[in-house]
Amino acid sequence: MVEKKYKFISQPRHPTENRRFVAGRGNFVADIDRPEMLHVAPLSSHYPAAIINNIDISEAMMMDGVIDVITGAEIGAAIQPLMNGLDTPKVQRFPLAVNRVRYAGEWVCAVVAESRAIAEDALEKILIDATPQPFVLDAEEALLPSSPPVHPEHGSNVLLDRQFVWGEVDDDFAKAKHSLSFSVTWGRNSTVPIETFGVVAEWNGWDQILDVWASVQMPKYSDQIARCLNLPGNAVRVHYDVDVGGSYGVKRGIKHATLIGYIARKLGRPIRFIEDRLENMRAGDAHGPERKFNVEVAFESDGSVRSMKMRALDNAGAYAGRAPFQLGKPISAIVGPYQINSVSYHAISVTSNKTVQEAVRGFGQAPTNYAIETAMDRVASFLKMDRLALRQRNLIQSDQFPYLIPSGSTYDSGDYHAVIEKVLTAADYPTLLANRDHLRDEGMMAGIGIAACLEPSGGNSSFEPLLNESNKTSTWMESCQINVDGLGHLTARIHTTSSGQGHETLVSTVLGEVLEIDPSSIRITRPNSLESLPGNSPVGSRMAIMLGGAAARSAEKLKAKLIKIAAHSLGIDAEKLTYAGGNVLAPDGRKHTWQDAVELAHRQFHNLPEGMDPGLAAFDIMQVPTGNALPVDGKVHMYPCYSFEFHLVLLAFDPVIGRPEIHSYTVGHDCGTVINPAIVSGMTYGGIAHGIGAALLEEFAYDPNGQLMTQSFLDYLMPSSHEVPPIKIVKHCTPSPHTVFGQKGSGESGYLGSPAAISSAINDAVSALDIRFEKLPIRMSAISDAIANKSA
Amino acid sequence: MIQVSIEVNDKTVTAEVEPRLTLLDFIRDVAGLKGTHAGCEHGVCGACTVLVEGNAIRSCLVLAVQADEQEVISIEGVGGDLGRSGELSIVQDAFCEAHGLQCGYCTPGMVLAAEALLADTPNPTEGDVREAISGNICRCTGYVQIVEAVMLAADRLANRNYKSKPGQPYDQTLG
């Protein structure tokens, strides 16, 4: 029996946010209604590349209810370009195409009208005169000097081309007995939240302030809006009490907010824009990585992998944004959970005439994990070794932590072998193997998939200075503020929106734990950006570590004040006092209660210790643990914490139909101390479901003419309750030494390994036919075609 | 413009509407009830699910004029005192308890799909539940805790002291 270490942390508590959502009382952006509000519909380009000669808006402007039509030329002259992550000043991006269209679907102008329906009607009256230009869709083609540049001013399609060598790669390859190489491709998919992106903006000319309500998950959102619109930072007020209907990384909406903010300011009326599904899919600028890997590994006959060369070529789409950085985060876990002595990594990001890429769950880590895990399967296959044994041989051992990897990050803690053993037991591995063979005997194609991987968490942003030397950012803080009111009740402020991660539950649980008071008595509020302390929003699996950390540190400060007040009041040294259940106890049995402290702090200044300020409030602005240095020689320590997951899957399909059905799914998960078990499990289940989609179903596919073919839910297929099987989670806890309670991140869990595991299972199923699937998603048509071709 | 009269939860909403107005937009913009959510507006995701004459339907695929003179239950019509008192129905309460949601956007549609299932099938199998919610896409949960929530609700409905209509609050069933 494990000792119960915490009263509220790791205990089963119902997430407090749930009640308003099951009652339909969330506060989503589309629910916000402002007086005199106008509505926007954007007009999309049909060409993947074109020069805009003229836009005739005259007929649209004459329609009843149409207020204005904004063109790219107008907005391009009025605002600053959107922020670029890399040092690529000639790759300029505006909310509407300025002079040139760069992908099919890109917005060229926007109608503002009394209703969304009228705005949509008016789109049909706008005449665009444009000259089509050559275009490029494929990343390898875009890389060629002969390819048409998406941004002619930039001179080529190359946004990023960096070669890193960490350790003695050539030497390790020369010494190793074997090597092999392969290519795999991660298809273009995304998180595709059920709520599209939306924004409402309202300009108050008397106070000179722009109010923004948005379904956003974006660091420094208000700063970016202000910079683009040439406003002071304190003239943009982003409201954090908007519930976000799913994001998983992509809800950045900076082009939307600058467009709507600009219109609101120009017209002096509240403006609303909620993407419809088509706008979201083809022009919401929220596609995920599309990445081709060329991998070479060097290894010994016993299966020990010595070195790896990886080339990752990513198709960023038409504009840069932060997309190229998704090649940067994986540097922090470039060897996965394995002891690989040296690595060379060639990271290339190119523009193409496709929709713009945005941050997706894991920020590039899931594709990289898929490549690493494919390497493990290939080495095992080459050596005719068991895939599991090969991994167990290469995994970092529990006594090797802290473990420095070649690219400069140090893994904090873990016990990978123990997690795997637990999973094998829980899934009954021998029976699983027998079931696979039994399915095969029945004529099914059956396979077992295995994937081990890491989730770097607690995100700071050190991939930015690593990939862009002009960027000196090392700070990546989060904050929390708490206040005890005159009646003694605690309110905490969190300074970001949430999109289902349960931050209110996180903060109340942590505060309750430290202050030893009932978490359900704590009120959580979300002020707007102007009333907030600095933060960086829930990205990079960071909030348990960073918001949880800042909350705990705020509570410790408050507790210290409670003790000081009690010490003064009781006339005893503070060191002799103990804190229990909100009260302060003296060794002689006297008790200074929470309410006593409230009385003194709020109403009896004359009884407070000399020099102490009144009130019971505290705040904390916390920097990422271990986040204190810029890169040196192409190396940097990035993430404080590394969660581990191990996936074990059995699936089978009929060889003619080719539709995989998952018979068994077990995942082992170690994210250190869990704050709320239901929330962490939920995110892991959801991540696996999303990974099943990425592996089998979901792809933003383009035809040769540059048109997006999967732009509705009828052709971009997402897993339903039929495709996602029951999933068994096996928990393990290796606390992190760097965090308050030993917690690590879990927001990207599941997704980081499930695509690799599904791919592994399908390839196991078809291995006897000598078929290899080297691209995700592996759709049922690809499976049945490949098998039919072999049979024919 | 056409006059329609739709009974939404506890009251009749009468309005002159354009023939092209969807029931979804009628509920949100005319009746002013924001708990019914637009997801895809082409009938795939199920976020806009409401009950029309007791059946779970997608309000984005139905025109307001088609729902004339019909009885519609939206998420606001579920739970105690028609959702105004903070009391939850058995199904809603089970969703909270099993954490059958995360961001809350698909949740009203999921809850109504579950209410419709349990009204017809008081003792569903897990397969029945998966079938009943298969037209509702959730991107957060992987459905695992949603299935748990509906099974929990079914169990509680089966073991309550007297029979009541789905949508009634949990507390009322204790007496």
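Visitor: How many residues of domain 1 of chain A are in contact with domain 2 of chain A?

Guide: This is a predicted model, in which local features need pLDDT of at least 70 and side-chain atom pairs count only at pLDDT 80 or more, while totals for chains, interfaces and linings use all residues. Residues are numbered from 1 along each chain as its sequence is written; chains are lettered from A and ligands numbered from 1 in the order in which they are written. Two residues are in contact if their C-beta atoms, placed from the backbone, lie within 7 Å. Domain 2 of chain A brings 16 residues to this contact, and the number from domain 1 of chain A is 16.

Visitor: How many residues on that side of domain 1 of chain A are polar?

Guide: Ala, Val, Leu, Ile, Met, Phe, Trp, Tyr, Cys and Pro count as nonpolar, Asp, Glu, Lys and Arg as charged, and the others, Gly among them, as polar. The side of domain 1 of chain A that touches domain 2 of chain A has 4 nonpolar residues and 1 charged residue, and its polar residues number 11.

Visitor: How far apart do the C-alpha centres of domain 1 and domain 2 of chain A lie?

Guide: The bounds come from an automatic or database domain assignment. Domain 1 of chain A covers 18-23 + 477-622, domain 2 covers 32-133 + 197-274, and domain 3 covers 291-462 + 629-791. Between the C-alpha centres of domain 1 of chain A and domain 2 of chain A the distance is 40 Å.

Visitor: What radius of gyration does chain A have, given its 792 residues?

Guide: The radius of gyration is taken over C-alpha atoms, and the globule rule is 2.2 Å times the number of residues to the power 0.38. Along its principal axes the C-alpha trace of chain A spans about 90 × 75 × 50 Å. A compact globule of 792 residues would have a radius near 28 Å, so chain A agrees with that expectation at 27 Å.

Visitor: What span does helix α16 of chain A reach from its first C-alpha to its last?

Guide: Helices (H or I, at least four residues) and strands (E, at least two) are DSSP runs, numbered from the N terminus. Helix α16 of chain A runs over residues 543-570 and has 28 residues. The expected span of a helix is 1.5 Å times one less than its number of residues. That gives 40 Å for α16(A), and close to this is its actual reach of 39 Å.

Visitor: At what angle do helices α10 and α19 of chain A pack?

Guide: Axes are lines fitted to C-alpha atoms, for helices over the stretch in contact, and angles run from 0 to 180 degrees between N-to-C directions. Residues of α10(A), including A:Tyr370 and A:Asp377, meet residues of α19(A), including A:Pro755 and A:Asn763. The axes of α10 (residues 365-383) and α19 (residues 754-765) of chain A lie 8 Å apart, and the packing angle is about 35°.

Visitor: Which element gives the most to the side of chain A that touches chain B?

Guide: Across the two chains, 44 residues of chain A are in contact with 41 residues of chain B. The elements giving two or more residues to the chain A side are α1 (18-22) and α18 (677-696) of chain A. With 8 residues, the element that gives the most is α18(A).

Visitor: Which strand gives the most to the side of domain 1 of chain B that touches domain 2 of chain B?

Guide: Chain B is divided into domain 1 (2-77) and domain 2 (80-169), and 19 residues of its domain 1 are in contact with 15 residues of its domain 2. The elements giving two or more residues to the domain 1 side are β3 (49-52) and β4 (55-58) of chain B. With 3 residues, the strand that gives the most is β3(B).

Visitor: What is omega for the cis peptide bond between A:Phe401 and A:Pro402?

Guide: A:Pro402 is found in the loop between α11 (387-394) and β16 (403-404) of chain A. The cis bond joins A:Pro402 to A:Phe401, and its omega is about -5°.
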